[in-house]
Amino acid sequence: MHIAKQQVWREPSGRSKDWRPNKMEAEEKSAEGFAEGDPGTSQEIEAAPSENPSRMLIFNTLVDKFLDGLVQAGSYQRFARCYKRFYKLQPEMTRSIYDQFVFQLQNSIRDEIQEIRDEGNLEALLDSLDKMEKEAGDRTELAWRPSGVPEQDLRSHLVPYLLQQRDYLHKVLKEREEENKRLAQAVLLGRRKIQEMQKEIETRKQAWQELSKAQRELILSVEEPK
């Protein structure tokens, strides 16, 4: 007896007609639809940026966008796909591990960026750039432009610098001369003290010699026989 085999119709993608998506694939489709902005999904509306945002604000915005892009690149669906067996056994635990991993990763990156900001004094530097830009925008006079004659342009820039250097050298020279004068006076005072000490030593030496001579004469006069 010939039994005809029942053929199962398959779609062009290779899946059977009776195929049903599992839970993880359904979540992947949902996440992909949300990322692509399918109808019916809610999307965050970014606030309109100010006309002249500060550089620090731009830096913080870039850091936030970088962290958001990092989370999107390492989505939960990809994480679950890497640990598919564990996900099938413990989906809630997998989600908890993923949330903790993302939280710690973001905090670690923020700490590293904050350390770089503190070491390089980045906030103060960016604020100073904003201040310089604002001051430059408030100027009404025309900025300097070259005249077309190199000698005049160089002279206008070099002469103030050379005059400043000349004043500085005069100041240093005057300080050195005053210091040399003080040292010379100290040397003369030291020589004068040495001379006075030598005179005092000579005076005491003569007094000691006279005293010694008188002592010897006294001893001789006492020892003479009567």
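In the next few minutes I will go through one long-helix check and one helix pair in this structure, which is a predicted model.

Let me begin with helix H7, which runs over residues 150–223 and so has 74 residues that, at 1.5 Å a residue, should span 110 Å. The C-alpha atoms at its two ends lie 106 Å apart, which agrees with that expectation. There is, however, a kink of about 30° at Leu 158 in H7, and this kink comes shortly before the proline Pro 160.

I turn now to the pair formed by helix H2, residues 55–73, and helix H5, residues 91–120, whose axes come within 11 Å and cross at roughly 150°. Since angles over 145 degrees count as roughly antiparallel, H2 and H5 are therefore roughly antiparallel to each other. The crossing in which H2 passes H5 is right-handed.

As for the residues that make this contact, H2 contributes, among others, Met 56, Phe 59, Val 63, Phe 66 and Leu 70, while the H5 side includes Tyr 98, Val 102, Leu 105, Ile 109 and Ile 113. Sorted by class, the contact between H2 and H5 holds 12 nonpolar, 2 polar and 3 charged residues.

Finally, to look at one position within this pair, I would pick Ile 113, which is found in helix H5. Leaving aside residues up to four places away in sequence, Ile 113 touches Phe 59 and Val 63. Ile 113 and Val 63 are 50 residues apart in sequence, yet their C-alpha atoms are 8.6 Å apart in space.

Notes: Residues numbered from 1 in each chain as written. Predicted model: local features only at pLDDT ≥ 70, side-chain atom pairs only at ≥ 80, totals over all residues. Heavy atoms only, no water. Helix = DSSP H or I, 4+ residues; strand = E, 2+ residues; numbered from the N terminus. Expected span 1.5 Å × (residues − 1). Bend = angle between axes of the 7 residues up to and from the residue. Axes fitted to C-alpha atoms, helices over the stretch in contact; angles between N-to-C directions. Parallel < 35°, antiparallel > 145°, perpendicular 65-115°, else oblique. Left-handed = near helix turned anticlockwise from the far one by under 90°. Contact = heavy atoms within 4.5 Å. Nonpolar A, V, L, I, M, F, W, Y, C, P; charged D, E, K, R; others polar.
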